[in-house]
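I opened this model to look up its sheets, its helix packing and the contact between its chains. My notes follow in the order I took them.

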Amino acid sequence: MKYVVNVHNIGMKYQSLNGEINALEKINFSVRDGEFVSIVGPSGCGKSTLLSIISGLLPPTSGTILLNGEKVTGTSNKIGYMLQKDHLFDWRTIFQNVMLGLEIRKAVTPEAKERAFQLLKTYGLYDFRNKYPNQLSGGMRQRAALIRTLVTDPQILLLDEAFSALDYQTRLAVNEDIYSIIKKEKKTAILVTHDIAESISMADRVIVLSKRPGTVKNIYEISLSCDNRTPLCSREAPEFRAYFQNIWKELDVHV
Amino acid sequence: MSNLKQANISPEHRNYLRQVKREKILIRLTQLFILIAAFSLWEIFASLKIVDPFITSQPSRILSTISNLYEQGVLFKHIGITCLETIVGFILGTTTGTLIAIILWWSEFLSKVSEPYLVILNSLPKIALGPVFIVWIGAGPAAIIVMTLAISLIITILEVLSGFIAVDQEKIKLVQTFGGTKFQVLTKVLLPASFPTIINALKINVGLSWVGVIVGEFLVSRAGLGYLIVYGGQVFKLDLVMTSVIILGIAAALMYQGVVYLERLLVKNKI
């Protein structure tokens, strides 16, 4: 089995005048090619920090990240990052927003533009390419944000609470939408979320992190009996509840 | 999406639209009425010697002062000099201020070092520096422009810098996830995102530039509207003072409208 991401002994300490915050400790796991992995954990356990470290934005205090066997030292073209909100720029049209990553990487070529048009067409935003973000619905905006990432042709997608800014119904629909796009484009994905149901419904494996300092508490292989797996169908699978219960107990939530 | 353009508007909607329009017209008419009434009363009171036109001047005298100035061929010279000084000061203040704000955003160290100086310079009444500028630069248009700059520069820096700081950190992170450099963060996010702040700074600067120019002209000049006001005051020619003030008001309003128009032009396609 080929691993595209190896997370090896990652530790992270934040320094501040009030002392030191031990955010992550000895995190180890690997992600296979084409796999969808979710990371769940209580808030403040360093999930998003972990994602920033994997992306190369944030150097870890200890440990290494291997990307296709190579050590990560900075941001890479192989990684596409999706943030909590779509962060489409109000002053750019949808097409211009989609081209942002390519512009930054100075990779705007006629072929790249063609690819952007193709993606916009495939995912139903072509007619909106000259509109501004505030003319689109929340779901469409999220899709545009995904296309902005996909057009740079990343091998691995990092989704940082990518759906948590949406209302519940939109969120279910966007889950469905993004999941099918990721599977269709055959991307490897790592999703960070605090929503247990979302993590099970989308992932092949769920990694449960403990409270701060975050460590890997458990890893669940998700196998659900549904013919054509989609997030909604996963939620209806008979095994879903058991996974939910286990992870819920694991997270040990106290109010 | 909107049904405003549909031909079959409901009678309620038509009524509503008519009412909005009527209210708008009423407001304009009242505004016009106040203007005309004020000037008419001023004219009548002055003509009937209820108030002393030597002290209050009067609209007809202002008109004849304008035509006198025009016949002497100096009207547009004075207006032109003042407007030129204001525009130069305004442009210099805004561009230098924005540039310095960019430098301070770029280097957190410089920003922290300069903070107390900016605070002190911001609270200092810049007019107090007038005599210093005159001695250093000499009595002339250069000193006036420096005065204008002194008044508008610091506030521009602070405004633009706070605009930069208010930009969503996540938007900056987005650019960084694509491997963007600091310069790209500046050009792709900060400047476009703080565009409304910069326009606001422009609006404030229009007013401040006029203050700077008039104060500068009070202190040093031999031409311009500020000079006419001071000169008129000294020789007790209130007609000249009032005329200059009114021309000044019109010019300043026009320039402000210019900025508003510029804003609309640049923001128009974003709605």
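I count two strands as paired if DSSP finds at least two bridges between them. Helices (H or I, at least four residues) and strands (E, at least two) are DSSP runs, numbered from the N terminus.

The model is predicted: local features need pLDDT of at least 70, side-chain atom pairs count only at pLDDT 80 or more, and totals for chains, interfaces and linings use all residues. Residues are numbered from 1 along each chain as its sequence is written, and chains are lettered from A and ligands numbered from 1 in the order in which they are written.

**Entry 1: the four-stranded sheet of chain A.** I started with strand β1 (residues 3-16) of chain A. It pairs with β2(A) in the antiparallel sense, over 10 bridges. I found Asn6(A) opposite Ser30(A) of β2(A). The whole sheet is open, has four strands and reads β2-β1-β4-β5 in chain A, with antiparallel pairing. β2 (19-32) and β5 (70-71) of chain A are its edge strands, each paired on one side only.

I then looked for a helix on this sheet. Helix α1 (residues 47-55) of chain A packs there and touches β1, β2 and β4 (62-67) of chain A. For contact I use C-beta atoms, placed from the backbone, that lie within 7 Å. The direction of α1(A) makes about 120 degrees with that of β1(A). Axes here are lines fitted to C-alpha atoms, for helices over the stretch in contact, and angles run from 0 to 180 degrees between N-to-C directions.

**Entry 2: the six-stranded sheet of chain A.** I read the order as β6-β7-β8-β3-β9-β10 in chain A; this sheet is open and its pairing is mixed. β6 (79-82) and β10 (216-221) of chain A each have a single partner strand, so one side of each lacks a neighbour in the sheet. Neighbouring strands are turned by 15 degrees against each other on average, direction ignored. I checked one pair: β7 (residues 156-160) and β8 (residues 188-193) of chain A run parallel and are joined by five bridges. Leu157(A) stands opposite Ala189(A) in β8(A).

**Entry 3: helix pairs in chain B.** The axes of α4 (residues 75-106) and α10 (residues 195-220) of chain B come within 8 Å and cross at roughly 135 degrees. α4(B) and α10(B) are therefore oblique to each other. My classes: under 35 degrees is roughly parallel, over 145 roughly antiparallel, 65 to 115 roughly perpendicular, and the rest oblique. Among the residues in this contact are Phe90(B) of α4(B) and Trp210(B) of α10(B). By class I get seven nonpolar, nine polar and two charged. Ala, Val, Leu, Ile, Met, Phe, Trp, Tyr, Cys and Pro count as nonpolar, Asp, Glu, Lys and Arg as charged, and the others, Gly among them, as polar.

Next I took α3 (residues 59-71) and α12 (residues 238-267) of chain B. They pack at about 80 degrees with axes 9 Å apart. That makes α3(B) roughly perpendicular to α12(B). Ile62(B) and Ile66(B) of α3(B) take part, as do Leu240(B) and Met242(B) of α12(B), among others. The contact of α3(B) with α12(B) has five nonpolar, two polar and two charged residues.

**Entry 4: chain B against chain A.** Which helix of chain B gives the most to the side that touches chain A? It is α8(B), with seven residues. In total, 14 residues of chain B are in contact with 16 residues of chain A. On the side of chain B, I count four nonpolar, five polar and five charged residues.

Terms used
Two residues are in contact if their C-beta atoms, placed from the backbone, lie within 7 Å.
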